[in-house]
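Q: Please take a close look at one part of this model, the packing of one pair of helices, and then set it beside the other local features that can be described.

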Amino acid sequence: MSTQTRTIVERTELGLRDPLRLLSLVTAALLTISYVSVLLSVTNVVGGSSDLLVIVGVTLVVSTLLARYLSSWVALVLAGVLLVGGMAFYLTSIPDGFALLWQTERITSDVTALLTGLSILRVTKASVWAMAIAPGPVFLSWYFVMQRRYALGAIVGAAPLGLFVLTGDADLLITAMGVTAAAALVGFGELERHNASLGQADLLTVVLATMVVLSLTLSVVPGGASNPYSPATAAGRQSSRIS
């Protein structure tokens, strides 16, 4: 039975007796672990790991429960509210945080620095930032997985991992795990959606193994954590929010 002909209840069931559904859930969990582990590495340094784990755990439970009742548009809005609300909470934790919203040059400078290799450990109150950013992608990615919309779940989950690769905070092993998990999620998920058998996943397994080998031998990180670029630093100035 294809996803299009399933009822909402059938789509959102865990379906752990189906090996391909189980593999899809496992790979989705591994993708989530890959980027959450980066946030945990931040909170391990500056504090707040237990709070972050509680936030992620509660978000996963809520996403699992609400997936049966929420439409995709409502889930998108809710994820946006979580992200905006988290950032608002973060801004309240730093001096004159909301004043930063009007300083577009500094925002551009800081974002550019992060995207070219500046570690998120350099962000002011990095532990609060980590807890603020986590719920949005965790909720939406897991929602799509529960809805059996695996490609969308993989894209949402890969987004924060991609950010951490650019900042240099995701090491090679974490990156390899996350990328492989995202590819496996799409592969196993699509097989499950089309009622394929586990035996038909042989080729996918070979492809995933090849990806792991290649990802462990190749590393491409723009800029590098030791050499971030920003307009401010290029002009001999230092950003006010990232030290």
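A: What follows starts with one helix pair and moves on to a second pair, the aromatic rings and two backbone angles. The model is predicted.

Two packed helices are described by the angle between their axes and the distance between the axes. For α2 and helix α9, which spans residues 172–193, the angle is about 155° and the axes are 8 Å apart. An angle over 145 degrees counts as roughly antiparallel, and α2 and α9 are therefore roughly antiparallel to each other. The crossing in which α2 passes α9 is left-handed.

The contact can be listed residue by residue. On the α2 side it is made by L20, R21, L23, S24, T27, A28, L30, L31, I33, S34, S37 and V38, and on the α9 side by I174, M177, G178, A181, A182, A184, L185, F188, G189, L191 and E192. By class, the residues of the contact of α2 with α9 comprise 15 nonpolar, six polar and two charged.

One of the α2 residues in this contact, S34, can be followed further. S34 belongs to helix α2, which runs over residues 19–46. With a relative accessibility of 0%, S34 counts as buried, because buried means under 20%. Apart from neighbours within four places in sequence, S34 touches L161, I174, M177 and G178. Of these partners, I174, M177 and G178 are also in the list for α9, while L161 falls within the range of α8 (150–167).

The second helix pair is α6 and α7. The axes of α6 and α7 come within 5 Å and cross at roughly 25°. Angles under 35 degrees count as roughly parallel, and α6 and α7 are therefore roughly parallel to each other. Here M131, A132 and I133 in α6 are in contact with P135, G136 and P137 in α7. The residues of the contact of α6 with α7 are five nonpolar, one polar and no charged.

The aromatic rings come next. Across the whole structure, a search finds two aromatic pairs. In one, the ring centres of F139 and Y143 are 6.4 Å apart and the planes are at 20°, so the pair is stacked. F139 and Y143 are four residues apart in helix α7 (residues 135–146), which means that about one helical turn separates them. F139 is buried at a relative accessible area of 2%, and Y143 counts as buried at 0% relative accessibility. Y143 also pairs with F144, edge-to-face, at 5.5 Å centre to centre and 65° between the planes. F144 is buried as well, with a relative accessible area of 5%. The ring pairs thus link F139, Y143 and F144 into a cluster.

Last come the backbone angles. Most residues other than glycine have a negative phi. K125, although not a glycine, has a positive phi of about 50°. K125 sits in the loop between α5 (104–115) and α6 (126–133), and at 44% relative accessibility K125 counts as partly exposed. R148 is not a glycine either, and has a positive phi of about 65°. The loop that holds R148 lies between α7 and α8 (150–167). R148 is buried, with a relative accessible area of 5%.

How values were computed:
Residues are numbered from 1 along each chain as its sequence is written. This is a predicted model: local features need pLDDT of at least 70, side-chain atom pairs count only at pLDDT 80 or more; totals for chains, interfaces and linings use all residues. Side-chain values use heavy atoms; hydrogens and water are left out. Helices (H or I, at least four residues) and strands (E, at least two) are DSSP runs, numbered from the N terminus. Buried means under 20% relative accessible area, exposed over 50%, partly exposed in between (1.4 Å probe, protein chains only). Contact means heavy atoms within 4.5 Å. Rings of Phe, Tyr and Trp (its six-membered ring) pair if their centres lie within 6.5 Å; planes under 30 degrees apart count as stacked, over 60 as edge-to-face and the rest as tilted. Axes are lines fitted to C-alpha atoms, for helices over the stretch in contact, and angles run from 0 to 180 degrees between N-to-C directions. Angles under 35 degrees count as roughly parallel, over 145 as roughly antiparallel, 65 to 115 as roughly perpendicular and the rest as oblique. A crossing is left-handed if the near helix is turned anticlockwise from the far one by less than a right angle, and right-handed if clockwise. Ala, Val, Leu, Ile, Met, Phe, Trp, Tyr, Cys and Pro count as nonpolar, Asp, Glu, Lys and Arg as charged, and the others, Gly among them, as polar.
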